[in-house]
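Subject: Structure for you to look at

Hello,

I am handing over the structure we talked about, and I would be glad if you could open it and keep it beside you while you read the rest of this message.

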Amino acid sequence: MRVRWLGWAGVEIEARGESLVIDLLGHPEGVLEGSSVTAPMPKVVAPRAEGEVLAGLCTHLHRDHTDAGALARALRPGGTVLHPESFGGDDHENLWTLKAEAELTAWKLPRQPMEPWSTTTVGPFSVAAVPAVDGLGDPQVSWVVEADGKRVIHLGDTMFHGYWWRAAHRYGPFDAVLAPVNGPTVCFPHCQPASPLPAALDARHAAVAARLLGAKAALPIHYDGFHIDGVYATQPDELTRFLDAADGEPYEVIAPGLGEDVTL
């Protein structure tokens, strides 16, 4: 199995000549549509198997993790988008998922909503949806992908939670844990009053989560993205903070460069 970091939370996983992608992001204009501020967006690269990818896995339907246009370019004809099932609710509750939902519908991409703990098979890949907790309360899962006797878990941009031990018991240990490390605090109009706590794993949370999951290797993702004072605030030197936090942990830390492969 090979894992390629595509930038932000995006990865491409290859096994037996087939590929799938998780949280693929193309040209991320409009990620913060509706905000009155702008910021540099994450640097990303296209998957190597663009046009031939079997499936696109989305940890949640936020625009920076579900990019319908990028998925349409990446997937082969009939390729499926897997994503968490909806919680329901009105447009106010679903404000941050409406754009991605509309884009998936407009592109007419085949979709397979999945419940937590459900499993499916995509080509040579066994895929499981593991519970995760979104910083805005939207549906989110982590994805366990297994092929060629190797198993990885992609944590999207989950907060710290108590499902780690269950996930490790059911699917661990993991050859690689792909963990977000930027730990943003957010202030969005539909989530008020705002929380001062990280809306995704920060460096220390990610280091501990990888340990609890029984990681053989931890791969940091979801960093070097955007920072917007008062809206989406992160601390500087996100990768260095994670490397420091993981120092002394029982797993190896691998930080691939943009577009770089890691062979497990």
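What follows is a short account of what was found, beginning with the sheet and ending with the aromatic rings. Please bear in mind throughout that this is a predicted model.

**The sheet and its neighbours**

A good place to begin is the open sheet of seven strands, whose order is β7-β8-β9-β10-β11-β13-β15 and whose pairing is mixed. At its edges stand β7 (119–122) and β15 (252–253), and because each has a single partner strand, one side of each is left without a neighbour in the sheet. Within this sheet, β11 (residues 176–180) and β13 (residues 217–221) run parallel and are joined by four bridges, and if you look for P180 you will find that it stands opposite I221 in β13.

Helix α3 (residues 164–171) lies across β7, β8 (125–131), β9 (141–147) and β10 (150–154), and its direction makes an angle of about 155° with β8.

**A histidine before α3**

In the loop between β10 and α3 you will come to H161. Is H161 buried or exposed? Its relative accessibility is 9%, and since buried means under 20%, H161 counts as buried. Leaving aside residues up to four places away in sequence, H161 touches P131, A132 and V133, while its side chain reaches the backbone nitrogen of Y163 at 2.9 Å.

**Helix α4**

In helix α4 (residues 203–212), the buried residues are A203, A206, A207, V208, A209 and A210. These buried residues are covered by elements that include α3, β11, β13 and α5 (238–246). After α4 comes G214, which has a positive phi, near 70°.

**The aromatic rings**

The structure holds six aromatic pairs. One of them is formed by W5 and Y223, whose ring centres are 5.2 Å apart and whose planes meet at 15°, so the pair is stacked. This pair links distant parts of the chain, for W5 belongs to strand β1 (residues 2–7) and Y223 to the loop between β13 and β14 (232–233), 218 residues apart. Both W5 and Y223 are buried.

Elsewhere, W8, F226 and Y232 form one aromatic cluster, and the charged end of R170 sits over the ring of W117, 3.9 Å from the centre of that ring.

With best wishes

Key
Residues numbered from 1 in each chain as written. Predicted model: local features only at pLDDT ≥ 70, side-chain atom pairs only at ≥ 80, totals over all residues. Heavy atoms only, no water. Pairing = 2+ DSSP bridges. Helix = DSSP H or I, 4+ residues; strand = E, 2+ residues; numbered from the N terminus. Contact = heavy atoms within 4.5 Å. Axes fitted to C-alpha atoms, helices over the stretch in contact; angles between N-to-C directions. Buried < 20%, exposed > 50% of the residue type's maximum accessible area, 1.4 Å probe, protein only. Polar contact = N/O pair within 3.5 Å; in protein donor to acceptor, adjacent residues only side chain to side chain. Phe/Tyr/Trp six-rings, centres within 6.5 Å; stacked < 30°, edge-to-face > 60°. Lys NZ or Arg CZ within 6 Å of the ring centre and 35° of its normal.
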